[in-house]
Amino acid sequence: PAAQRALDASTACKQVEKMGDTPYVLQGLRLHSQGAFVPVSALNALRRDALENLARARRERPVRSVGPVPQLAPAPQALSKGLLIAQTPEIAMVQRLVAAGADCVYWAPEDVRPDALSEALAGHDAGSVWFVLPQCLPTVESEGLARWIRARGFAGVVLANPGQCALDFAGLPRVTDGTLNVFNAHAAQTLLLAGCSRVTLSPELNAQELAEVQAHGGPWELVVYGRTQLMLLSHCPRRVAAEREDGCDACGQRADALPDLIDRKGYAFPLRRLRTGTGCQVRLYNSLPTDLLEKQRKALRRHPALSWRLCFTQEDPALCVLMVARARAAMEMDGPLEPLPFATTAGHMARGVE
């Protein structure tokens, strides 16, 4: 009838926004009426139908299909005998560690600024050393570090996060670090397919889980000694403790060591500073180093192709040499091992993850 008015946005919104006691609220309405005549009762019916359908959709569980676990492709040929690897922050220790029995040495410098790296490397052969990348760096700094590594001809690189798989290392062999927390053969295979030649397994694996991964074969590596990194801090505990609000520039990235953090039970947690082009990062380590050789040697030797890694952080150089020789003996001979002169933990190897 001529007395009726064409539907406009104000009228439509007034009717549709009446949500009653439902939990819904109208946030917006687009009207494409082109002068159509729509009774108010029709708008109310549309609103009721929409609310009923929405409530029904929320109550009903969506049907999810779970497919079979994909089959693992054959793993790359593993070494017939695992390597003994020593990791050190001191490039000057490389030859001593090799002489003590290490097959391979990883260098994990604590200052990754290019000038400092060049100064540390001067007089040393990069071709016999693998470079351990920092866990977290800005993209621009990571790309610059990759260029520096390419120019020095290192034996390979150790990747600390998945994104570093995309960096250009000009064909250098790549190994993934334990910070990627590889827990099963499927995750390991993903990294192998991304071009890694060896994968470091999670430090949280117990003996049974390690055996399950090893059953698939492959070039696996496990840290058998070292302090587990618990946190990576972007703030400076020294500045926080002193209630200072100035930045890193005021510190000048001091060379002295950071004090340990002591908890309520008296356990000391070491702090190690990593100097980068954008300031310091601080790595908080476990109060006790993990040593799998003392009590888990039999479990480790069931997997002769598994490579063992010793990660040194703050140990005395002479002790590092003795520990490499001890690990070589554990890998190749039976009989008791020389006990370590400090307390250690066996990690998760004898139990499940808590």
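Strands here are DSSP runs of E, at least two residues in length, and they are numbered from the N terminus. The model in the viewer is a predicted one.

**Stop 1: the largest pocket**

Start by selecting Thr 179, Arg 227, Thr 228, Gln 229 and Tyr 285. Among the 49 residues that line the largest pocket, these lie nearest its centre. The space in this pocket comes to about 1,100 Å³.

Next, colour the strands that contribute to the wall. β1 (84–88), β7 (220–226), β8, β11, β12 and β14 (307–311) each give at least two residues to the lining of the largest pocket. Which strand supplies the largest share of that lining? It is β8, with four residues.

Now colour the lining of the largest pocket by class. It has 23 nonpolar residues, 18 polar ones and eight charged ones.

**Stop 2: a sheet of three strands**

Stay with β8, β11 and β12, which also appear in the lining of the largest pocket. Select residues 229–233 for β8 and 271–276 for β11, then add residues 279–285 for β12. The three strands form an open sheet in the order β8-β12-β11, with antiparallel pairing. Why is one side of β8 and one side of β11 left without a neighbour in the sheet? Both strands stand at the edges and each has a single partner strand, so one side of each has no neighbour there. From one strand to the next, the twist averages 25 degrees.

Zoom in on β11 and β12. Their antiparallel pairing runs over six bridges. To see one facing pair, select Leu 271 and Leu 284: Leu 271 stands opposite Leu 284 in β12.

**Stop 3: an enclosed space**

Leave the pocket and turn to the cavities. How many cavities of 30 Å³ or more does a search of the whole structure find? There are two. For the second largest cavity, select Leu 133, Pro 134, Leu 137, Ser 142, Leu 145, Ala 146, Gln 164 and Leu 167, which line it. About 30 Å³ of space lies inside this second largest cavity. Its lining has six nonpolar residues, two polar residues and no charged ones.

**Stop 4: three helix crossings**

Select residues 114–121 for α4 and 139–152 for α5. The axes of these two helices come within 11 Å and cross at roughly 25 degrees. Angles under 35 degrees count as roughly parallel, so α4 is roughly parallel to α5. α4 passes α5 in a right-handed crossing.

Move to the start of the chain numbering and select residues 9–16 for α1 and 40–59 for α2. Here the axes come within 9 Å and cross at roughly 45 degrees, which makes α1 oblique to α2. The crossing of α1 past α2 is right-handed.

Finally, select residues 293–301 for α10 and 317–332 for α11. Their axes come within 10 Å, crossing at roughly 40 degrees. α10 is therefore oblique to α11. The crossing of α10 and α11 is right-handed.

Methods:
Residues are numbered from 1 along each chain as its sequence is written. This is a predicted model: local features need pLDDT of at least 70, side-chain atom pairs count only at pLDDT 80 or more; totals for chains, interfaces and linings use all residues. Side-chain values use heavy atoms; hydrogens and water are left out. Two strands pair if DSSP finds at least two bridges between them. Axes are lines fitted to C-alpha atoms, for helices over the stretch in contact, and angles run from 0 to 180 degrees between N-to-C directions. On a 1 Å grid over the protein atoms alone, a cavity is a set of points where a 1.4 Å probe fits but cannot get out, and a pocket is an open set with protein on both sides within 12 Å along at least five of seven lines; lining residues have an atom within 4 Å of a point. Grid points are joined across faces, edges and corners, and a volume is the space filled by probe spheres set on the points. Ala, Val, Leu, Ile, Met, Phe, Trp, Tyr, Cys and Pro count as nonpolar, Asp, Glu, Lys and Arg as charged, and the others, Gly among them, as polar. Angles under 35 degrees count as roughly parallel, over 145 as roughly antiparallel, 65 to 115 as roughly perpendicular and the rest as oblique. A crossing is left-handed if the near helix is turned anticlockwise from the far one by less than a right angle, and right-handed if clockwise.
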